[in-house]
Every structure is written in structure tokens, then in C-alpha cells.
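Trainee: I have a two-part question for today. How do I read a helix crossing, and how do I read a buried helix?

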Amino acid sequence: MRSLRYQDKETPVHKLNPFSKLAWIGSVLILALILDNPLFLLALFLLVLPIIKVAGIWKEWLSTMKFSLFMCLAIILINALVSSRGSHILFEAPFRIPVMGIPVITLEAILYGVAMSLRLLVIISVFAVLTFTIHPDDMMLAMIKMKLPYKSVLVISLSTRFIPTLVDDTQRITDIQRSRGLELDGGGLAHRIKSRSSIVIALLSNSLDRAVQVAEAMESRAFGIGRGRTFYKDIKFTITDITTVVFALLPGVLGIVMGIYGYGQYQYYPTFERISLNGPEWYLLALMTSLLFAILPLAYIKRRVNLD
Amino acid sequence: MIRIENLTFYYNGVTQPVLKEINLEVNSGEFVLVTGPSGGGKSSLCRCLNGLIPHFYGGKIAGRVEVGGLDTFKHSTKELATRVGMVFQDPENQLVCLDVEREIAFGLENLAFPRELIAKRLEESLDTLGISSLRYRQVHELSGGEKQKVAIASVLALHPSILILDEPTSELDPKGAEELLSLVMRLNDELGLTIILIEHRLDRVLQYADRLIVLNRGAITADGKVRDIMSSCYQELLQMGVGVPPMIRLVQRLRDKGISIEGTPLTVKEGRAMLDKAFHGASGRLTHSSGSIDGKPLVETKRLWYAYPIGLTALKNVSLSIDEGEFVAIMGRNASGKTTLVKHFNRLLIPTKGRVSVDGVDTRGATIAKLARKVGFVFQNPNDHLFANTVDDEITFTLKNLGFSSSEMESRTNEVLAKFNLIKYRNHYPRSLSGGEKQRVALASVLAGQPKILILDEPTRGMEYRLKSELMSFLDEYRQQGNTVILVSHDVEIVAEYASRVILLSEGKVVVDGEKHEVLSRALLFSPQINRLTQAFERYGVPNNILTVDEALDVLP
């Protein structure tokens, strides 16, 4: 759990301006939500991988993927069982369920589940890039620059600060209650919930005590004195940064344009199409790929410029 | 600098005032040490000085508090932040940013200082505290001592002229505490900062303070030069349960016996000079029972290795045996493997290599819940233990887990409540009790199952002297009934007084394991004050393994 947090690393991706990364992540999200064609989704997924590799967060990404794959499996399974749309029937149940009719599993439903999973993996992967390569304090600064209210931003930052403390507390309290003979393993769901209540209550009460003390300490350091607030750290913009932000936004714009003109779409139901791209779509795919990929050379250029 | 006139304060919904009729004046540059039993009003007094009372904690207040010319009733804590810096007990709960640099800048940002000024103050604070090497570190990775230094730096950056520290060392190990206190002394000496320090453990700070204030039941019962109070109010201090350093207790006891001693020693060096005459010619032998008790072995480890999943090897080839009826102290620096070792004794951890057996049973074949009948485990902070709605429930929780019948539960609950003097609190909410009472509830909840082995992990950390002695004499009694006590502790004085055997760990290995007089005498960091004192008199034939005041008195004619 502890390793699943932001860690300072000296990679070109970490050194990128947080706004460049946010713009790029936003673009990927727009594309992933607008485009339907599995080939485009696959391309997006493959395009996130080099970034993850260069950022040196492969391990962290893999552990989030492990968890996500379970979710994907669930999506595919549930969609296949529940959705009866689609014309290629692979399996038909020998019985009928009232209201729902005869349960069938269709090729279309499975394909749709797979495509949705791919979309989900893309989204989770870019969020991994966000969490593991943007310093939480930079994220806070970026949010303030985007005119979000300071107090809300501070709440997010404080909760990030206290996650390790909370993990330690949980471990310690669990040890204590187990030493008092509390059985955590075995039993049904009800037993499991009940047996953990002693831990949760102690944890909550401790956190409340902490909260009061944190508030006291903040007050003692002039928090909320109310003459505006300055920020010691700043996000600086160089020419390279601005170029990078613009480049990172372009794929998002492309995605919106494609959505308007109906490119990159795909029909799953009632009968799936052949998975292919039409003429202009090949060009669009190439354009999208190069625009998204441009972040990496730009990152290296930025580092080079910084060193000079 | 600070002027308090007739200050009386009641917390909301409480009929007893926590501070009554306080009058106090503190001059610029003074180092004031505040002590007294817990619940005496020390923390409340400090909170009045930076306006947390009455602005953060409401209540009924009367009198007048003036700090640096500002009336604290009219000026809020935020406004006072540039005059009064406040450092709290728990380093964890006063750091709000993710890295050290931003932490120190936090207060300055709140005051809307321009970036250049923040940069300058940041640099200054890091240098003053000698923590420039920490500037880019993440706050959660720091040790307790480092965190507390960062907390001081972040407060000093606001350039206050008064620094208040509310038991700043209670969460630290001896080395961290020592470092922090000498740092505070330097701030007072070199920067002329006015210091108000609340402390329980006086032996380390008495020498630095210009003035000692004793608060008891909301009133100032003594105020003056440290030496004067230590000699003139000695009896009252003892009665209040203030932790008078052992050396001063020795001097007073000698005076009671009619031996005249010039002055009151605050450092071991002074003590050696002042007591030289008294020990001249003392040559009594030290008679103590040899520590070994012929009980059967209860806890045994054989070539025990343990590595944490992250790869750190915490225990390296530990083989030891603890017998029935022993009182064993496990000592060592931070991260030397003490807690890791004792967590094996009730199977919270399972050996990576080697074996651990408790009462003849290999822990691999048992469960924590089963072992809980034999092994009780008390952790440092009672708040981590307590969760139930009433003290009664807290105790029956353990008994229920251990599978006692309801009639047995009732009799055991009554028994343990009576023993710990908790009958009148049985229907109270445990977390709202006082610190000492909470500790008793936590202990009672573990001992209700009558385990044969009791493990305590730093139970006395941050505890005032009176509660400490109460707890320890209880443990002593428990051991005399044939049970085994295993105490993880940094507190040399307590160990010297009560343990029979000391195991010293370093880097996951057992360095010394033996009778306490052998281990604790003539060890540099781990010797109690009396031992450091009497070592000087070895040339007169005084035994070199004296550990406590009573032993020292024994060798004198």
C-alpha cells in the first residue's frame, strides 16, 4: 500500500510541467470517451505504455492493473450475461427467466464488454500517470492556478499527507485488537464486518482527536488570518512548457472533431461490424498517435533545456 | 513580555476551573520550565498564551493575559502567531504538508509574505535547527525527533519572540529527546528566545532552566529558581508525584539521615563534587539477589530471524529463553528490533527463519487468538486500545474473544475493575477518562483474561512520574504472583528500579543479556543517573554497579 504513492523520481516525465501532463491526460480521457472503435482504444492503451515506461512507474502501474483486470473480468461477464442484444448467439439457456426471457450469450455482448474494458484500462492507466508522476503539492498548486478555492484544495492535500499515518494507525490498532483475542479470519460476511468494528471505531476516534490537534497547530501558524495567501512554490512556464501544453491539448481537440464528424465510431449491436478503419480514419489514427507520442520527445527536450 | 493577572478559566460544561487565579510575569529571554501532575493545568496555561484559549477552546474566562503588549482575549491565535510559537506534543499532528520545505513555508504563506522573504526565512530556519539535509524529504519518512525539529523550524520561521513547547519529547526516544532539549537550550542562549517548556522528565532539563514553575490543580504552587524549589519544596513535589531526579532524591534522603550536603546538584558533575565527602569511606557491599529465578522457560526463541516484506532484516539469529516469574526489560536504540522481537511472542509476527515457542507450543501451530489466553500485550498509547462505549464493555470484549462463559465474564470483570480502582467508572466512556485512568482501563482489558505473560511496549513513554510508579508497582505485584513481565522500554531509571534482567538489542542482534546490575552499570548511554554518579566513587571502594537511590543508601554506613 505504501509503494502505491507518488515518489520523487528524476525521469523526464516527472520533470514535465504538471500542466503539460494534465493537458495530455485530459486529451487521452477525451479520446477514450469519444472513440468507440476497438482499434482506436487499443492504440490509446498502447500509447500510454511508453510514458509509463519512461516515468519508471512500471511496477506501480502493474499493481493497479492487477486490480483493474478483475474489474474488467466482471464487466465482460456481467455484460455477457445480462445483455441479450446481438445476433450471433453462442449459447442459449434451456430455461426461461420471468420478465427477462431466455438468457442468451451473444458474441456482440462479449465484444462490447471487451471494448469497454479496454476503455477502462486506458482511463485507469492515465490516472496512474497522474498519481505517480505529479507531486501532490504540484497538483494542489495546479488546482489553485485553475481557480479552485484554496480551502477545498487544502483538504485534498491534507488527506494525502495523512494517508501514511492512517495506514500505520490501522496496522497498530489491528495488532492490538488481535492481541486481545479478536478473530479476524473466518466466519461469514456479517462476522467479518462486526469483528472489524472495534478497529474502525478506535481508528475513527483517533482520527478525530488528530483532526482537532491538527487544527490547533494550523491556527497557531496563522492559518486563515485572511489577508490573502502567497505560495512559496510556483509552477514556472518556459517556452518549452507552453509548446508542450499546446501539443498535449491538440489530440483532445482532434478527438472532439472526430466525434463531431463521426470518425472512429463503431457499431457493436445488433450485429458487429468488421473491425477495420476507413481511409480517412487511417490518417486520423496516425495523426492521433504522433500527437500523443510527441509528449515524450518534448519531455526530453525540456530536460535538455533545463540542464543547459 | 508575558503578563498574566488573575487568570481563571473553565472549559465548557465543566464545573471545576482548570486554571484558578493565576498571576505570572515572564521576562524576555527567560527559560521557564513548567511541571506538575497531569491535569494540573500546564497545557491549558500554555494555550492561554497564544490565544487558543479562549478563541479555539471556548469556556468561561476571567482575568487578563498580555503577551508582547497584546491582549490575548482580543487578539486571535492567528494574529499572535508572529509573537508566540507553539510546539505540540505529538509531532505527527502538527505537520500538515508533504515535504519539509513546504511545511516550513506554510505559516509564512498564510501571512502572505512575498516569495523572496519566504525563501530567506526558510533558509534561516533550516540552518538554525541544523536540518538543511532534510529540506526535500517527505514528512512521513522522518523520525519522530526529526519531525519535532521540523515543527520547531516551521514555527521559528514566523520569528516569534516566545517559544512554547508542550511536552515536546514525550513521543521521542532518549537520544532524540536529548538532542531536542539541547537545541531548545541553544535557541534560548544564542537567539535570546523566551522559552516556556512543559516537561515531566526533569533530569534532562533542570540544568538549562532559569526558573521552575509547578502547577497543581490549576494553581501555581511553586515559582522560582530551580535549585531553591528542588530543596525547599522537595516534600510537596514528591507528594504531587513530580519526577524529582534520582540524584536529588538521594541528596534529600541523605539529609534526612543527618548527613549535611552543601547545595542541590542539577548535573551529574555537580553531584560528584557535592557528594564526594558523603561517599568517602563508604565501602558497603551491594546485596542483591542474583537475578536468576528457577522457573520453567515460558518463551523461547531459537535462531530467530525476521525480515519485513520490504526487505529489511529486523532480527538476526536471536536465541533466548524467558522463564516463569521473570521481569525482563528489552532495551535498545530505535529500530533495533525490540518491538519486532516481542511481536513474535504472541504470533503477531511469524519467524522468517528459526522458531519461537510459548509455553512449549510452537507459535506457527497456534493462532493469535489462542495465544491471547496466555500472552497479554499492552501497547504504548491507551487510545489505540479503547473503542467501546463503556469501561465494562471494553473489558468484556476481551473476555468474549477469549471465550469465557457469561458468569465467568461477570466475575472476572468485577475482579479486574476492583483491582484497578475502576468500579466507579464502569459505565463511563473510556476515551473521556484522564490519561492515567485510560492506561488502567487498557491494562485491565488485557489482564482480565489473566495471561501468564504480559508484554508491554513502551508503556511509560510520555507518562508522568506518579502514574509511572503506580503502573510499575502494579507490574511488580503481578510478577510476584508468578507471572512473567516483558517490558520494552527506553526508560533506564524505571528498568533499573523494577526489572530483574535486561536484554540489550542492537541492529537486530542480542548484544548483552543478563542481570540488570551487570548490563546497566558502566554503560555509557544506558546507565541510570545514580550509576553515573557513583562510578566516580569507585576509587573509595564503592561498588560500581549501584543503580538506584536505595542501593546507594545501602552501601553508605
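Mentor: Start with handedness. A crossing is left-handed if the near helix is turned anticlockwise from the far one by less than a right angle, and right-handed if clockwise. Keep in mind that this is a predicted model. In chain B, the crossing of H4(B) and H5(B) is right-handed.

Trainee: At what angle do H4 and H5 of chain B pack?

Mentor: About 130 degrees, with the axes 10 Å apart. H4 covers residues 100–110 of chain B, and H5 covers residues 115–129. Angles over 145 count as roughly antiparallel, 65 to 115 as roughly perpendicular. H4(B) and H5(B) are therefore oblique to each other.

Trainee: Which residues of H4(B) and H5(B) meet?

Mentor: From H4(B), look at Glu101(B), Ile104(B), Ala105(B), Leu108(B) and Glu109(B). They meet Ile118(B), Arg121(B), Leu122(B) and Ser125(B) in H5(B). By class, this contact has five nonpolar, one polar and three charged residues.

Trainee: Is H4(B) buried or exposed?

Mentor: Count neighbours. A residue is buried if 20 or more other C-beta atoms lie within 10 Å of its own. In H4(B), 11 of the 11 residues are buried, so H4(B) is largely enclosed by the rest of the structure. Charged residues are included: Glu101(B), Arg102(B), Glu103(B) and Glu109(B) are among the buried residues.

Trainee: What covers the buried residues of H4(B)?

Mentor: The cover includes helix H6 (136–145) of chain A, together with H5 and helix H6 (144–156) of chain B. After H4(B) comes Ala112(B), whose phi is positive, near 60 degrees.

Trainee: Chain A is part of that cover. How many residues of each chain are in contact?

Mentor: 52 residues of chain B are in contact with 43 residues of chain A. On the chain B side, H4(B) gives the largest share, six residues. Other elements giving two or more residues include H5, H6, helix H15 (391–401) and helix H17 (435–447) of chain B. By class, the chain B side divides into 29 nonpolar, 14 polar and nine charged residues.

Trainee: Now a crossing in chain A. At what angle do H3 and H5 of chain A cross?

Mentor: Roughly 25 degrees, and their axes come within 9 Å. H3 is residues 38–54 of chain A, and H5 is residues 107–133. Angles under 35 degrees count as roughly parallel. H3(A) and H5(A) are therefore roughly parallel to each other. Their crossing is left-handed. The contact includes Leu41(A), Phe45(A) and Val48(A) of H3(A), and Leu118(A), Val122(A) and Val126(A) of H5(A). It has 14 nonpolar, one polar and one charged residues.

Trainee: What about H7(A) and H8(A): which way round is the crossing, left-handed or right-handed?

Mentor: Right-handed. Helix H7 (residues 150–179) and helix H8 (residues 189–220) of chain A cross at roughly 135 degrees, with axes that come within 9 Å. H7(A) and H8(A) are therefore oblique to each other. Asp169(A), Thr170(A), Ile173(A), Thr174(A) and Gln177(A) in H7(A) meet Ser198(A), Ile199(A), Ala202(A), Leu203(A) and Asn206(A) in H8(A). By class, that contact has four nonpolar, five polar and one charged residues.

Trainee: Step back to domains. How is chain A divided?

Mentor: The domain assignment splits chain A into domain 1 (12–143 + 234–307) and domain 2 (149–220). Their centres are 34 Å apart, taken over C-alpha atoms. The contact takes four residues from domain 1 and four from domain 2 of chain A.

Trainee: And which domains does the assignment give for chain B?

Mentor: Domain 1 (2–240), domain 2 (246–280 + 535–555) and domain 3 (322–352 + 363–528). The centres of domain 1 and domain 3 of chain B are separated by 32 Å. Their contact takes 10 residues from domain 1 and nine from domain 3. The domain 1 side has two nonpolar, five polar and three charged residues.

Trainee: One last case. Where is Gly218(B) placed?

Mentor: In the loop between strand E9 (211–216) and strand E10 (219–224) of chain B. Use the neighbour count again. Gly218(B) is buried, because 22 other C-beta atoms lie within 10 Å. Leaving out residues up to four places away in sequence, Gly218(B) touches Pro17(B), Val18(B), Leu19(B), Lys20(B), Gly40(B) and Gly41(B).

Terms used. Residues are numbered from 1 along each chain as its sequence is written. Chains are lettered from A and ligands numbered from 1 in the order in which they are written. This is a predicted model: local features need pLDDT of at least 70, side-chain atom pairs count only at pLDDT 80 or more; totals for chains, interfaces and linings use all residues. Axes are lines fitted to C-alpha atoms, for helices over the stretch in contact, and angles run from 0 to 180 degrees between N-to-C directions. Helices (H or I, at least four residues) and strands (E, at least two) are DSSP runs, numbered from the N terminus. Two residues are in contact if their C-beta atoms, placed from the backbone, lie within 7 Å. Ala, Val, Leu, Ile, Met, Phe, Trp, Tyr, Cys and Pro count as nonpolar, Asp, Glu, Lys and Arg as charged, and the others, Gly among them, as polar. Domain bounds come from an automatic or database domain assignment. A residue is buried if 20 or more other C-beta atoms lie within 10 Å of its own, exposed if 12 or fewer, and partly exposed in between; C-beta atoms are placed from the backbone.
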